[in-house]
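Hi,

Here is the structure I promised to pass on. Have a look at it first, and then read on for what turned up when I went through it.

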Amino acid sequence: MATIQECREALDNLSGNLARADDGVRGAAAFDRSLSCHITDLDQTFTGRLDTGRIRVDAVAPGPPAKKAEIRLAMTGDDLVALVAGELRFAKAWASGRVKLEAGFRDLLRLKTML
C-alpha cells in the first residue's frame, strides 16, 4: 500500500509532467480550478488548485474532502502512484470504477484532453 508521502510525490510528479507536456495538453490544463484528491485506502484528502498547468497542493487532511472542489478525484494510493508512473491507464481505471472523477461538464471536456 502506498504511503501518504508516496502519494504526495506522485501528485508533485504529475504537476511536473503537466508543466513539461506538449502545448495541447499544457493548454488544456491551463485553467484555474480547486482540486481535491481523496486517497480512499488511507482516508486522506489532498486539496489545492490546478492553476496555469500545474497542481498546487495546499493541504492534506484526514477523511473525505471537507469542501466540494471544482475537480474531485478519488482512488487508492497505489492507483495514484501507478497512474502517474504510466503503469495504469486513466480511461481503463475510470471505466472500471477504480478512479472516480467528478467535475463540471466543461471541465470534464478540458480534462479529457489531458487524460
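**Hairpins and the sheet**

Let's start with a turn: β1 and β2 make a hairpin with 4 residues between them, and D43 in that turn has a positive phi of about 50°. Before I go on, please keep in mind that this is a predicted model.

The two strands of that hairpin, β1 and β2, are antiparallel and pair over 7 bridges. If you want a spot to find the register, look for R33, which sits opposite L50 in β2.

The next hairpin is made by β2 and β3, with 2 residues between the strands, and here T52 is the residue with a positive phi, near 50°. β2 and β3 also run antiparallel, joined by 8 bridges. An arginine faces an arginine here: R49 stands opposite R56 in β3.

On the other side of the sheet, β4 (residues 71-75) pairs with β5 in the antiparallel sense, over 4 bridges. I71 is a handy marker for this pair, as I71 stands opposite A103 in β5.

Put together, the 5 strands give an open sheet with mixed pairing, in the order β3-β2-β1-β4-β5. Which strands stand at the edges? They are β3 (54-62) and β5 (100-103); each has a single partner strand, so one side of each is left without a neighbour in the sheet. From one strand to the next, the twist averages 20°.

**The chain as a whole**

Stepping back, the chain has 5 helices and 5 strands. Reading from the N terminus, the order of elements is α-α-β-β-β-β-α-α-β-α. There are 115 residues in the chain, and 39% of them are buried. Of the contacts with a separation of 6 or more, 57% are between residues 24 or more positions apart.

**Two helices on the sheet**

Now for the helices. α1 lies across β1 (33-39), β2 (44-51) and β3, and runs at about 165° to β3. α3 packs on the sheet too, where it touches β1 and β4, and its direction makes about 110° with that of β4.

How do α1 and α3 sit relative to each other, roughly parallel or roughly antiparallel? The axes of α1 (residues 4-20) and α3 (residues 77-85) come within 9 Å and cross at roughly 30°. The two helices are therefore roughly parallel to each other. Their crossing is left-handed. On the α1 side, the contact is made by E6, C7, A10, L11, N13, L14 and N17, and on the α3 side by G77, L80, V81 and V84. Sorted by class, that contact has 7 nonpolar, 3 polar and 1 charged residues. When you look at the spacing of those positions, it helps to recall that an α-helix has 3.6 residues a turn, so residues three or four places apart point the same way.

α3 deserves a second look. Its buried residues are G77, D79, L80, A82, L83 and V84. What covers them includes α1, β1, β4 and α4 (90-95). After α3 comes G86, which has a positive phi near 85°.

**Two alanines in the strands**

I also looked at a pair of alanines. A59 is in strand β3, and A74 is in strand β4. Is each one buried or partly exposed? A59 has a relative accessible area of 34%, so A59 is partly exposed. A74 has a relative accessible area of 18%, so A74 is buried, the cut-off for that being under 20%.

Their surroundings, leaving aside neighbours within four places in sequence, go like this:

- A59 is in contact with T45, F46 and T47.
- A74 is in contact with H38, T40, R98, V99 and K100.

A couple of distances may help you find your way around in the viewer. The C-alpha atoms of A59 and S36 are 9.7 Å apart, with these positions 23 residues apart along the chain counted as their separation. For A74 and D41, which are 33 residues apart in sequence, the C-alpha to C-alpha distance is 9.9 Å.

That's what I have for now. Shout if anything is unclear.

Cheers

Note on methods. Residues are numbered from 1 along each chain as its sequence is written. This is a predicted model: local features need pLDDT of at least 70, side-chain atom pairs count only at pLDDT 80 or more; totals for chains, interfaces and linings use all residues. Side-chain values use heavy atoms; hydrogens and water are left out. Axes are lines fitted to C-alpha atoms, for helices over the stretch in contact, and angles run from 0 to 180 degrees between N-to-C directions. Angles under 35 degrees count as roughly parallel, over 145 as roughly antiparallel, 65 to 115 as roughly perpendicular and the rest as oblique. A crossing is left-handed if the near helix is turned anticlockwise from the far one by less than a right angle, and right-handed if clockwise. Contact means heavy atoms within 4.5 Å. Ala, Val, Leu, Ile, Met, Phe, Trp, Tyr, Cys and Pro count as nonpolar, Asp, Glu, Lys and Arg as charged, and the others, Gly among them, as polar. Two strands pair if DSSP finds at least two bridges between them. Buried means under 20% relative accessible area, exposed over 50%, partly exposed in between (1.4 Å probe, protein chains only).
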